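Here's a quick briefing to read with the model open beside you. Grab a coffee and have a look at the fold before going through the bullets.

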Amino acid sequence: MNLDGTDRRIVEATQSGLPFVAQPYAEIASSLGLEETEIIDRLAAMQARGVVRRIGVAPNHYALGMTSNGMTVWDVEDEMASELGAQVGRLDFVSHCYLRPRALPLWPYNLFAMVHGSDQREVEEKRRVIVSLLGPACRGNDTLYSTRILKKTGLRLARKGAGDSKATVRGES
């Protein structure tokens, strides 16, 4: 990944999240001695080049009172999995939904949907909504509940010495 010095400074300033203020890009610009429009334009250009995949909100569901987390897993007919997965992913209580290959004979599930609730009863109510949506295309399901919180971060730029123009990246999970 080749970044010029300004792009690198912008990535370093935003990689842990945007400031929680009314004008986050203006605040970043001020801290870097740049104009707000330059921050926005450079982030858009990095996104277009694939350097930045997306900019989005990642709320802390624990802080919002959603302390029961269940990864619901579904054995859905393969020919319907993409269509049904898209419908499940659009449910407002599903934070992420994806397809994965089955690992037969032990793991028959091919559709995964993360559901959050204030308790397991709420997660189970939401799971029943998914059961209804999937209908007869669903041959089986289960819910895997979180038992602890793991630190989750995205890819981070490692600090480089002066004069080093290439970015080094490291991932954490």
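Which residues in the largest nonpolar core touch the most other members? They are Trp-74, Val-76, Val-88, Val-94, Ile-130 and Leu-134, out of 16 residues in that core. Keep in mind that this is a predicted model. Average pLDDT for the protein chain is 86, and 82% of the residues score at least 70.

**Confidence**

- Go easy on residues 162–173, where the pLDDT is below 50. In the model, this stretch still has 25 contacts beyond near neighbours in sequence.

**The cores**

- Four elements each put at least two residues into the largest core: strand S1 (68–76), helix H4 (78–89), strand S3 (111–117) and H5.
- There's another core apart from that one, made of twelve residues, including Ile-10, Ala-29, Leu-32 and Met-46.
- Trp-74 has a long contact list once you set aside neighbours within four places in sequence. Among its partners are Tyr-109, Asn-110, Leu-111 and Ala-113, along with Ile-130, Val-131 and Leu-134. Cys-138, Gly-140 and Asn-141 are in contact with Trp-74 too, and so is Arg-127.

**Arg-127**

- Arg-127 sits in helix H5 (residues 120–134).
- Is this arginine buried or exposed? Arg-127 is buried, at a relative accessible area of 16%, which is an arginine to look at on screen.
- Leaving out neighbours within four places in sequence, Arg-127 is in contact with Thr-72, Trp-74, Asn-141 and Thr-143.

**Helix H4**

- H4 runs for twelve residues and spans 16 Å from first C-alpha to last, close to the 16 Å expected at 1.5 Å a residue.
- Its buried residues include Ala-81, Leu-84, Gly-85 and Val-88. Looking down the axis of H4, the buried residues fall within an arc of 115°, so they line one face of the helix.
- What covers that buried set? The cover includes S1, strand S2 (94–99), S3 and H5.
- Flip to the face turned away from the buried side of H4 and you'll find the exposed residues Glu-79, Ser-82 and Glu-83.

**Salt bridges**

- How many salt bridges does the structure hold? The count is twelve.
- One of them pairs the side chains of Arg-42 and Asp-7, at 2.7 Å from N to O. Arg-42 is in helix H3 (residues 36–49) and Asp-7 is in helix H1 (residues 5–14), so this pair ties together parts that are 35 residues apart in sequence.
- Asp-7 is buried, with a relative accessible area of 5%.
- Arg-42 also meets Glu-38 in a salt bridge, here at 2.9 Å from N to O. Arg-42 and Glu-38 are four residues apart in helix H3, so about one helical turn separates them.
- Glu-38 counts as partly exposed, at 26% relative accessibility. Through shared salt-bridge partners, Asp-4, Asp-7, Glu-38, Arg-42 and Arg-49 join into one network.
- Another bridge links Asp-119 and Arg-121, with their closest N and O atoms 3.8 Å apart. Asp-119 is partly exposed, at 30% relative accessibility.

Technical notes
Residues numbered from 1 in each chain as written. Predicted model: local features only at pLDDT ≥ 70, side-chain atom pairs only at ≥ 80, totals over all residues. Heavy atoms only, no water. Salt bridge = Lys/Arg side-chain N within 4 Å of Asp/Glu carboxyl O. Buried < 20%, exposed > 50% of the residue type's maximum accessible area, 1.4 Å probe, protein only. pLDDT = per-residue confidence, 0-100. Contact = heavy atoms within 4.5 Å. Core = buried A, V, L, I, M, F, W, Y, C linked by side-chain atoms within 4.5 Å. Expected span 1.5 Å × (residues − 1). Arc of directions from axis to C-beta.
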